[in-house]
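This report covers one loop residue, a helix pair and a nonpolar core. The structure comes first.

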Amino acid sequence: MKIEYKNDIKIQDLYKLVAKELNLSPSQHNEELFKQILGGCSGVVSGLGSIRNAYGDAHGKGKKGYRPDSRLAEFAVNISGSMCLFLLQTHKKGNN
């Protein structure tokens, strides 16, 4: 989509750029229900980014070791996959 961004961009800021290009930004819609759902998507992306930064191993081990309950870990993986699939399908639909 040729969206310009810097390498140190936070995932929630990158999501906002992509959502705007895909017409998925809450401000691009009039229906309150869609605004709510699309705003929730933004919250999900932000929360997943925070989980990754706080508890993931990409930045090395922190002072506290934390292992989420397996149901929470599975939920994070599944909601990540659903968000990715939704974005890819939306992008594909826009290019047809």
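## S25

S25 counts as buried because its relative accessibility is 16% (buried means under 20% relative accessible area, with a 1.4 Å probe and protein chains only). S25 lies in the loop between α1 and α2. Beyond its neighbours within four places in sequence, S25 is in contact with A19, K20 and L38 (contact means heavy atoms within 4.5 Å).

## Basis

This is a predicted model, in which local features need pLDDT of at least 70 and side-chain atom pairs count only at pLDDT 80 or more, while totals for chains, interfaces and linings use all residues. Residues are numbered from 1 along each chain as its sequence is written, and side-chain values use heavy atoms, leaving out hydrogens and water.

## Packing of α2 and α3

Helices α2 (residues 32-55) and α3 (residues 70-94) pack with their axes 11 Å apart, at an angle of about 130°. That makes α2 oblique to α3 (neither under 35 degrees, nor over 145, nor 65 to 115). Helix α2 contributes C41, V44, V45 and L48 to the contact, and α3 contributes A76, I79, S80 and M83. By class, this contact has seven nonpolar residues, one polar and no charged.

## Nonpolar core

The largest nonpolar core (buried nonpolar residues of the types Ala, Val, Leu, Ile, Met, Phe, Trp, Tyr and Cys, joined through side-chain atoms within 4.5 Å) has ten residues: Y15, V18, A19, L22, L24, L38, C41, V45, M83 and L87. At least two residues of this core come from each of α1 (11-21), α2 and α3. Not counting residues up to four places away in sequence, C41 touches Y15 and M83.

Technical notes: Axes fitted to C-alpha atoms, helices over the stretch in contact; angles between N-to-C directions. Helix = DSSP H or I, 4+ residues; strand = E, 2+ residues; numbered from the N terminus. Nonpolar A, V, L, I, M, F, W, Y, C, P; charged D, E, K, R; others polar. Buried < 20%, exposed > 50% of the residue type's maximum accessible area, 1.4 Å probe, protein only.
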